[in-house]
Amino acid sequence: MDLKSLETFIWTMRLGGFRRAAERLNTTQPAVSARIAQLQDELGVLLFERVGRRVAPTPQAMVLLTYAEKMMALRSELLTAVADRSAIRGVIRLGVAETVVHTWLSQLIERLNALYPAVSLEIEVETSPSLRDALARHELDVAVMLASYTDVRFRAIPVGNYPLGWVASPALALPAEPVSLADLAAWPIITFSRTTQPYGVIREMFSSVGLPVRMFGNSSLASVVRMAVDAVGVSVIPTVIVQRELAEGRLRLIRSQAALPGMTFCAAHSATAENHMASVVADLAAEVAANYEATTGNEAPQAAG
């Protein structure tokens with residue numbers, strides 16, 4: 001039985017149609033239809049039937065899906081055990097949170113390219129909620145996101161914890177440290193976009209003690225850093241991202257009475273094991289992140305006090 005036809009069948013089932021399966025497999029809709037027709041001929045059963053304007057799987061298709069996933073998982077095991085890395089080809093859709101872009105993403109790309117030179121990467125930078133949803137829809141193969149967004153649908157590997165810090169320009173007229181939440185609330189709080197967990201945690205810190213606060217959510221961490229350097233307000237950001245600005249004195253770490261949580265990330269992919277390269281990339285991400293932490297250190301710098 002042709003494994004390509006089984007792979008096409010799996011993606012048609014997962015994505016709910018021939019067109020989306022064709023997009024995922026980088027082929028045409030007629031090619032998908034031909035592979036499904038070939039599979040139906042070999043098995044002698046109907047796998048999809050028209051229901052109005054859409055295609056719905058038959059009961060036989062639901063049974064076949066379990067066996068098809070097992071066969072693709074066995075293929076993945078075979079590749080791991082036998083295949084020459086340089087001969088493995090394909091495209092990996094990798095989604096990452098922006099914190100990873102500013103830390104060890106380039107090292108992961110270099111490592112993957114050295115080990116698997118024929119594998120291509122398509123990279124998307126998004127918030128963790130968006131990455132979780134895209135991974136669930138099989139629009140991504142691997143997502144490096146906040147660990148709190150994973151669930152039983154994914155295999156998740158820890159890739160590090162990044163402390164958050166209150167940082168501001170030395171030009172900002174803040175009172176003596178430790179600075180209270182009330183003092184911080186006098187300034188705009190510049191941080192991640194409003195759909196993210198850190199944004200919600202920070203807003204709750206102020207609202208739980210009845211303090212109104214202006215939140216400037218931003219989807220670009222580079223923009224968050226720029227606004228902090230320009231003394232627009234107080235920023236809440238992973239301290240690892242602003243090491244240079246702190247060292248050069250363009251920003252300073254503010255010691256506050258309000259402790260901030262860390263951000264724990266993981267590399268996640270579908271819990272089904274048929275995607276060999278997704279598992280490889282997730283494992284490599286954990287290795288590269290550990291090396292990055294060992295060589296750069298990932299402790300929050302001490303605030304001047």
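Is valine 101 buried, partly exposed or exposed? In this predicted model, valine 101 comes out as partly exposed, with a relative accessibility of 36%. Its place is in helix H5. Valine 101 also belongs to a nonpolar patch on the surface, together with Ile109, Ile123 and Val125. Taken together, these four residues offer about 270 Å² of accessible area.

Helix H5, which spans residues 98–101, turns up again in the surroundings of helix H6. Helix H6 runs over residues 105–115, and its buried residues are Leu105, Leu108, Leu112 and Leu115. Around the helix axis they take up an arc of only 95 degrees, so they sit on the same side of H6. Glu110 and Ala114 are on the other side of H6, and there they are exposed. What do the buried residues of H6 pack against? Their partners are strand S3 (90–96), helix H5, strand S4 (119–125) and helix H12 (276–296).

Helix H9, covering residues 197–207, can be looked at in a similar way. Its buried residues are Pro198, Tyr199, Ile202, Met205 and Phe206. Looking down the axis of H9, these residues fall within an arc of 125 degrees, and so they line one face of the helix.

Next come the charged side chains. Side chains of opposite charge can pair when their charged atoms come close. Across the whole structure, the search turns up 16 salt bridges. One of them links glutamate 287 with arginine 111, with 3.0 Å between the closest N and O atoms. Arginine 111 is in helix H6 and glutamate 287 in helix H12, so this pair ties together parts that lie 176 residues apart in sequence. Helix H12 is thus met twice here, because it is also among the elements that the buried residues of H6 pack against. Both ends of the bridge are partly exposed: the relative accessible area is 34% for glutamate 287 and 32% for arginine 111.

Another salt bridge joins the side chains of arginine 132 and aspartate 133, at 2.7 Å from N to O. Arginine 132 is partly exposed, at a relative accessible area of 21%, and aspartate 133 is partly exposed as well, at 33%. Glutamate 245 and arginine 250 make up a further pair, whose closest N and O atoms are 3.8 Å apart. In this case glutamate 245 is buried, with a relative accessible area of 13%, whereas arginine 250 is partly exposed, with 32%. Elsewhere, Arg20, Arg137 and Glu139 are joined into one network by salt bridges that share partners.

The last stop is a loop residue. Where does threonine 58 lie? Its place is the loop between strand S2 (54–57) and helix H4 (59–82). Threonine 58 is buried there, with a relative accessible area of 4%. Leaving aside residues up to four places away in sequence, threonine 58 touches Leu46, Leu47, Phe48 and Glu49. For leucine 46 there is also a polar detail: its backbone oxygen lies 2.7 Å from a polar atom of the threonine 58 side chain.

How values were computed
Residues numbered from 1 in each chain as written. Predicted model: local features only at pLDDT ≥ 70, side-chain atom pairs only at ≥ 80, totals over all residues. Heavy atoms only, no water. Buried < 20%, exposed > 50% of the residue type's maximum accessible area, 1.4 Å probe, protein only. Helix = DSSP H or I, 4+ residues; strand = E, 2+ residues; numbered from the N terminus. Arc of directions from axis to C-beta. Contact = heavy atoms within 4.5 Å. Polar contact = N/O pair within 3.5 Å; in protein donor to acceptor, adjacent residues only side chain to side chain. Patch = residues over 30% accessible without salt bridge, like charges linked within 9 Å, V, L, I, M, F, W, Y side chains within 5 Å. Areas by Shrake-Rupley, 256 points an atom, 1.4 Å probe, with all protein chains shown as cover.
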